[in-house]
Amino acid sequence: MEHLAQGAVITIRERFYEPLSLDDLARSVMVSKFYFLRVFRRITGVTPGRFLSAVRLHEAKRLLADTRLNVADISAQVCYSSTGTFSRRFTASVGISPTQYRRISRGECAEHPAVLPPVAPAGPLGSVSGTAHVLGTPLSPLCIGAFDSPVVQGRPVAWSMLDGAGPFSLNNVPPGIWYLHAVALGAHIADDFTSGRPLLVGTVGPVQITGGTHVRLDMAVQPEDWTRPPVLLALPGHDPLPGRPSPRPLPRRAGFPAPAHGYRRALATA
C-alpha cells in the first residue's frame, strides 16, 4: 500500500497551505481514514499531521531565506492563524527564531549558533555507539543526535559531529526512548545545480536507553526520499547560505525517488 502514502505525501506537499484534515488526506487516496492512518505511519514513521506540520515549517524556512515576506505573512502562507503560535513552534522545532533564521540565511550573522544538548539530569546515564554507513558523498560534517521525535527537530539530548562515515558515540544520554538521527549535506546529483544540495539522512528508533547501560547499533545514512518528513533543526553548514541554491520542494506528481526500504532498521544490542 505504499502508493497510498505516496499519494498523500504529494497532496501534503502541494496543498500544505490549506487547512488539511485527516479526512481530507484519506479522501485524496480514497481509503478509510483509519486504514490510511495505519499505512501512512508504517511507511513514513510519523502521523499525517506531524508530516504536514513538518512540511509547513520547512516551507517557512524556505520563504524566510528566499523572500522578503514578513513573519506574519509567512505564518499565514503556511496555514497558521496566529503569528505568535507560528513563531513559538518554529523556534521550538528549528532551534532559532524566524528572525534569527532569516539573518543567518542571508549571511547577516557572523556564525551559526551551536547545537547544544540540555544539561544532563542527575542520576545514571546511558550511552550509544556504533558505525554510520554513508551511501553518497558527504560535503559537511555528519551530525548525529538523540531526539525525542521521529522528525529531526528540537534540541537533541545528546550530540556528536563526525568528519564522515565511521564510528560514533553519544555519551551522557538520559534514560528514555529516543530516536537517533544523522544528517549531512550531500553532493549534487550528476550535473543538477539548479536545486539545493541534497541531504544524506539516517534514522534508527525508537531506542530505549536506561541509566548505566550501553547500546550498540549501526546506522545507514543515504539520500533522503519522499517517505521522510523534512529536517527542521537548523544545523551549521546544512541550511541555505548566500550564493548557495536553496532547497526546493520535491517534484510534483512525477519524479519522487523510490523509498530506501529499511533505512530505519539497524541491529541494536543492549
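Good morning. I begin with a definition: two rings of Phe, Tyr or Trp count as a pair if their centres lie within 6.5 Å, and a pair whose planes are over 60 degrees apart counts as edge-to-face. Please keep in mind throughout that the structure before you is a predicted model.

With that definition in hand, let us turn to the aromatic residues. The structure holds seven aromatic pairs. One of them joins Tyr80 and Phe86, with 5.4 Å from centre to centre and 65° between the planes, which makes the pair edge-to-face. How accessible are these two residues? Tyr80 has a relative accessible area of 10% and is buried, and Phe86, at 0%, also counts as buried.

A further pair is formed by Phe90 and Tyr101. Their ring centres are 6.0 Å apart and their planes meet at 75°, again an edge-to-face arrangement. Where do the two partners lie? Phe90 belongs to helix H6, residues 83-94, while Tyr101 belongs to helix H7, residues 98-105, so this pair ties together parts that are 11 residues apart in sequence. Phe90 and Tyr101 are both buried. Taken together, Tyr80, Phe86, Phe90 and Tyr101 are linked by ring pairs into a cluster.

Tyr101 leads us to helix H7 itself. Which residues of H7 are buried? They are Pro98, Tyr101, Arg102, Ile104 and Ser105. Viewed down the axis of H7, these buried residues fall within an arc of 165°, so they line one face of the helix. What do they pack against? The buried residues of H7 pack against H4, against helix H5, residues 71-77, and against H6.

Just after H7 comes Gly107, which takes a positive phi of about 75°. Further along, Ala114 sits in the loop between H7 and strand S1, residues 126-134. Is Ala114 buried or exposed? Its relative accessibility is 57%, so Ala114 counts as exposed, the cut-off being over 50%. Ala114 is separated from Gly95 by 19 residues in sequence, and their C-alpha atoms are 9.8 Å apart in space.

I now move to charged side chains. Side chains of opposite charge can pair when their charged atoms come close. How many salt bridges does a search of the whole structure find? The search finds six. I shall discuss three of these, starting in helix H4.

The side chains of Glu59 and Arg62 meet in a salt bridge, with 2.6 Å from N to O. Why can these two residues be partners along the helix? Glu59 and Arg62 are three residues apart in helix H4, residues 48-66, and so are separated by about one helical turn. An α-helix has 3.6 residues a turn, so residues three or four places apart point the same way. Glu59 counts as buried, at 11% relative accessibility, whereas Arg62 is partly exposed, with a relative accessible area of 23%. The cut-off for buried is under 20%, so the two partners receive these labels.

Arg62 has another partner. Asp66 forms a salt bridge with Arg62, and the closest N and O atoms are 3.9 Å apart. Asp66 and Arg62 both lie in helix H4, four residues apart, or about one turn of the helix. Asp66 counts as partly exposed, at 32% relative accessibility.

The next example involves Arg216 and Asp218, which form a salt bridge whose closest N and O atoms are 3.9 Å apart. Both ends are partly exposed: Arg216 has a relative accessibility of 41%, and Asp218 has one of 29%. Returning to helix H4, salt bridges that share partners join Glu59, Arg62 and Asp66 into one network.

Finally, I would draw your attention to the strands. How enclosed is strand S5, residues 176-185? Eight of its 10 residues are buried, so S5 is largely enclosed by the rest of the structure. Which strands pair with S5? Strand S2, residues 142-147, pairs with S5 in the antiparallel sense over five bridges. Strand S6, residues 199-209, also runs antiparallel to S5, and nine bridges join them. Leu180 shows both pairings: this residue of S5 stands opposite Ala146, and Leu180 also stands opposite Val204 in S6.

To conclude, I suggest that you locate three features in the model: the ring cluster of Tyr80, Phe86, Phe90 and Tyr101, the salt-bridge network of Glu59, Arg62 and Asp66, and strand S5, which is largely enclosed. Thank you for your attention.

Notes. Residues numbered from 1 in each chain as written. Predicted model: local features only at pLDDT ≥ 70, side-chain atom pairs only at ≥ 80, totals over all residues. Heavy atoms only, no water. Salt bridge = Lys/Arg side-chain N within 4 Å of Asp/Glu carboxyl O. Helix = DSSP H or I, 4+ residues; strand = E, 2+ residues; numbered from the N terminus. Buried < 20%, exposed > 50% of the residue type's maximum accessible area, 1.4 Å probe, protein only. Phe/Tyr/Trp six-rings, centres within 6.5 Å; stacked < 30°, edge-to-face > 60°. Arc of directions from axis to C-beta. Contact = heavy atoms within 4.5 Å. Pairing = 2+ DSSP bridges.
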